[in-house]
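Visitor: Could you walk me through this one and tell me how each label is earned?
Guide: Gladly; have a look first, and then ask away.

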Amino acid sequence: MNKMPICLVLLALTGCATVQPWERDVLARPEMSLDNAPLEAAIDDHIYFSKEASSGGRGFGGGGCGCN
Amino acid sequence: MKDNDSFNATLAAATCALLGSTVAAPVAAQAEDGGWSFDSTLLYYGESDNRVRDISAAVSTLRDFGDERKLSGTLTADTLTGASASGAIALNRPQTFTSPSGRAVYTTPADEVPLDDTFLDTRFALNASWTQPLARLYTVSAGVGFSTEYDYTHIGANLSLARDFNKRNTTVNAGVAWSQDDVDPVGGRPTALSQMLDVGDNSNKRDGSESKDVLDLLLGFTQVLNRTTVLRVNYSYSDSSGYLNDPYKLLSVVDPVTGDTLARVPIGQGPNGVYLFESRPDARTKQSLYAEVKHSFGAPVMHFSYRYMTDDWGIDSHTGEVRLRWPLGDGYIEPQLRYYTQSAADFYRASLANGTALPRYASADFRLGDFDATTIGVKYGHGTTTGNEWSIRAEYYQQNGSVPGEQIIGNQADREQYPDLSAVIVQFGYRFRL
Amino acid sequence: MNASCAATLTRDSDHWVGRFVAMASPCEVLIDHAPASLAQQVLNTVAAEAWRIERRFSRYRTDSAVHSINANAGTETVVDEECANLLDFAATLTRLSSGAFDITSGVLRKAWTFDGGDRVPAQAQIDVLLESVGWHKVEWRRPLLKLRPGMQIDFGGIGKEYAVDAAANLAAKVAPGLSCLINFGGDVAVRNARQNDEPWRVGIESFMQHGAAERVVKLSRGALATSGDSRRFVLRDGYRYSHILDARTGWPVRNAPHSITVAADTCTQAGTITTLAMLQGENAEQMLRDSGLQYWLQ
């Protein structure tokens with residue numbers, strides 16, 4: 001896999017800055033993690049899966065019950 | 001040993017000579033090494049009008065071995081009671097239905113949306129997953145899941161691979177999940193679009209379980225936009241096949257002019273109207289595009305997400321969610337808002353008009369209808385001095401649907417057509433490390 | 001040219017964060033509960049000391065003492081007290097490592113490029129350079145130093161850790177009792193414990209994924225130093241050659257750990273142990289165990 005084109009495509013798509021490892025102080029805070037409350041997210045996904053026709057998006061899961 | 005002592009002594013003396021006689025206090029350092037971290041939660045979900053009530057408890061644990069290897073597991077138990085709208089439409093006289101077991105009847109008062117017979121069901125679910133580095137910059141993750149309830153069992157497995165680029169500013173991941181579910185409906189599986197029969201008559205029911213297979217594919221990337229913002233975008237593809245019906249949901253057969261449910265005289269005990277069991281296709285393909293952003297405004301953090309879903313049942317949905325976390329004293333407060341809207345499935349019917357040809361697929365399940373839903377809530381969390389955190393969350397969920405004009409027949413216009421739903425959710429959470 | 005002789009002070013949840021660049025590394029000072037003026041004073045002191053040491057001992061700077069020593073190789077030079085202390089310390093390390101560590105080994109840089117490839121220089125090229133390597137070839141009688149022509153000294157292996165301790169000393173004088181965490185590119189020292197007795201949490205970077213913390217060390221007091229290849233190595237014939245060169249052979253050490261972190265009372269001590277342990281290659285862990293200090297390997 002040639003990583004350069006993918007890198008360029010992704011960077012071009014989002015037009016972002018490269019954050020150096022020592023600049024990740026804010027991003028390292030737990031509340032900045034995209035998955036900082038996985039249990040709560042799973043519970044919400046389960047509630048909405050049983051009341052609505054859509055599921056998931058964030059990752060796998062949604063389903064596995066007789067509620068829909 | 002003697003060599004070590006003289007080595008250490010020589011080094012100590014040399015350091016002393018270099019730095020001057022300032023004596024540094026002895027070092028006190030400890031690695032925050034692995035250990036188990038737990039997240040536990042207790043949730044209450046209660047719909048208005050004595051509908052569904054659910055109490056669930058879950059515990060999840062994460063063991064971080066350092067070096068990017070992780071083991072996690074979640075155990076969930078929930079107890080569901082209450083009834084939800086069965087799909088039959090409201091009528092100006094009481095309606096009687098045979099219960100799913102086929103051994104009793106239940107009645108809905110006049111002018112009320114019929115709810116299926118009150119039931120009690122307990123579900124247990126277990127999930128586990130393992131993550132580890134595969135090679136430099138590659139991480140692989142594998143998981144299994146299992147759940148069981150009275151009439152339903154599920155097993156599943158998933159596998160995903162992630163690759164980092166650009167000093168870990170970009171991560172691309174791909175995953176696949178597979179699951180097999182078995183439905184063993186109470187009273188047996190009814191033949192699709194067959195009529196609900198009297199108590200004791202199981203001629204349209206078939207014993208044994210039905211199965212449903214689901215294959216999910218996920219492609220996504222996470223991108224650090226700048227020092228304070230991170231973005232994730234996922235594309236998902238999901239293919240379900242097998243028994244996709246809800247074996248307990250009905251459609252009312254109505255008079256094509258008045259819109260009133262056709263009457264029926266039971267032999268002994270049974271339904272006093274003509275009701276058919278629903279029928280859904282035996283395959284469903286869904287695709288969704290999901291994006292979320294987290295941004296820090298100094299101390300407060302905002303999270304925004306959007307998901308678009310479309311499937312081959314004709315359902316399109318949009319979901320938007322925003323949360324804002326504000327530090328408050330030693331804790332934080334996080335108001336949340338979610339808006340959801342979906343369009344009805346192609347085969348959604350509020351009721352079936354007598355005399356018209358029976359469609360191949362039809363369902364009056366409100367979850368396949370046209371509705372908007374809003375959730376508004378607030379969460380408060382507080383960290384303890386030992387690094388643990390407890391939290392409490394309260395939410396209000398409101399679903400408002402509508403039936404397309406051309407599906408409203410005669411007197412139905414004066415009655416509740418769509419079983420709107422509102423629920424209160426309260427959740428306690430506690431996170432701790434051992 | 002000084003890219004940034006600027007130090008910025010910002011407020012995080014319950015402490016101050018001062019940032020600046022020195023010795024080609026991102027530097028930060030975390031200051032516990034203190035009024036803004038005192039925090040600023042501490043930051044200024046620490047930054048000034050870092051820049052002072054960089055100016056004096058960086059081989060890149062034409063106005064540094066090291067540059068002048070190297071330019072005058074072959075003639076006798078007089079060095080000041082601080083430089084003499086560093087030379088004495090380096091001499092001790094050379095003795096303790098039986099010559100593997102040597103501040104005259106910098107010239108070997110001309111032969112080796114560590115880019116993860118498998119290129120190794122010709123032995124002849126190394127042999128030529130080795131003529132100019134060896135502390136025993138230096139005439140050092142404090143305060144007089146005489147290098148042979150063509151020789152160079154380089155305090156790169158001990159400079160940053162020394163700077164951390166020196167800055168920590170000054171910060172403790174400016175604000176006695178105040179807890180400051182000084183971090184020069186991963187070399188860390190804390191003199192006083194925090195007011196609420198909570199430790200400072202230091203993330204040791206994962207060698208596999210830059211930016212991800214491999215491990216978090218809770219440092220209440222003391223120092224941490226990390227020596228790592230940061231993917232600067234040569235892979236050849238199944239061996240991984242780290243970028244740390246053994247001055248006796250002119251070759252890098254073989255199969256040393258990817259990264260060693262040591263906790264000790266002072267940063268100089270911690271840094272010394274990590275460097276000497278790395279020089280042991282495959283036997284690094286044995287030396288770390290014998291030192292009696294806490295360490296973490298990757």
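Visitor: What makes the β16-β15-β21 sheet of chain B open and mixed, and which strands stand at its edges?
Guide: In this predicted model, the 3 strands of chain B lie in the order β16-β15-β21, as an open sheet with mixed pairing. The edges belong to β16 (275-277) and β21 (352-353) of chain B, because each has a single partner strand, so one side of each is left without a neighbour in the sheet.

Visitor: How do you know that β15(B) and β16(B) pair?
Guide: Two strands pair if there are at least two bridges between them. Strand β15 (residues 250-254) of chain B and β16(B) have 3 bridges, so they pass that cut-off, and the sense is antiparallel. Along this pairing, B:L250 stands opposite B:F277 of β16(B).

Visitor: What can you say about β10(B) and its partners, β9(B) and β13(B)?
Guide: Strand β10 (residues 170-183) of chain B pairs with strand β9 (residues 152-165) of chain B over 14 bridges, in the antiparallel sense. Strand β13 (residues 210-226) of chain B is also joined to β10(B) by 14 bridges, and these two run antiparallel as well. For particular partners, take B:D164, which is bridged to B:T171 in β10(B), and B:Q180, which is bridged to B:D213 in β13(B).

Visitor: Which residue takes a positive phi in the hairpin of β9(B) and β10(B)?
Guide: That is B:N166, with a phi near 60°; the hairpin has 4 residues between the strands.

Visitor: Why is B:K286 called buried or exposed?
Guide: The count decides: a residue is buried if 20 or more other C-beta atoms lie within 10 Å of its own. B:K286 has 22 within that distance, so it is buried. Its place is in strand β17 (residues 283-296) of chain B. Leaving aside residues up to four places away in sequence, B:K286 touches B:S238, B:M309 and B:D311. The C-alpha atoms of B:K286 and B:W313 are 8.6 Å apart, while 27 residues separate the two along the chain.

Visitor: Let's turn to chain C. Why are α5(C) and α6(C) called roughly antiparallel?
Guide: The axes of helix α5 (residues 156-174) and helix α6 (residues 267-278) of chain C come within 8 Å and cross at roughly 160°. Angles over 145 degrees count as roughly antiparallel, and therefore this pair earns the label. The crossing of α5(C) and α6(C) is right-handed.

Visitor: Which residues make that contact, and what classes do they belong to?
Guide: From α5(C) come C:G157, C:I158, C:E161, C:Y162, C:V164 and C:D165, and from α6(C) come C:C267, C:T268, C:A270, C:G271, C:T272 and C:T275. By class, the contact of α5(C) with α6(C) has 5 nonpolar, 5 polar and 2 charged residues.

Visitor: And what does chain C contain overall?
Guide: Chain C has 7 helices and 15 strands. Of its 298 residues, 48% are buried. Among contacts in chain C with a separation of 6 or more, 61% link residues 24 or more positions apart.

Visitor: How many residues are in contact between chain A and chain B, and which element of chain A gives the most?
Guide: Here 36 residues of chain A are in contact with 63 of chain B. On the chain A side, α1 (3-14) and α2 (38-51) are the elements giving two or more residues. α2(A) gives the most, with 6 residues. By class, this side of chain A has 18 nonpolar, 11 polar and 7 charged residues.

Note on methods
Residues are numbered from 1 along each chain as its sequence is written. Chains are lettered from A and ligands numbered from 1 in the order in which they are written. This is a predicted model: local features need pLDDT of at least 70, side-chain atom pairs count only at pLDDT 80 or more; totals for chains, interfaces and linings use all residues. Axes are lines fitted to C-alpha atoms, for helices over the stretch in contact, and angles run from 0 to 180 degrees between N-to-C directions. Angles under 35 degrees count as roughly parallel, over 145 as roughly antiparallel, 65 to 115 as roughly perpendicular and the rest as oblique. A crossing is left-handed if the near helix is turned anticlockwise from the far one by less than a right angle, and right-handed if clockwise. Two residues are in contact if their C-beta atoms, placed from the backbone, lie within 7 Å. Ala, Val, Leu, Ile, Met, Phe, Trp, Tyr, Cys and Pro count as nonpolar, Asp, Glu, Lys and Arg as charged, and the others, Gly among them, as polar. A residue is buried if 20 or more other C-beta atoms lie within 10 Å of its own, exposed if 12 or fewer, and partly exposed in between; C-beta atoms are placed from the backbone.
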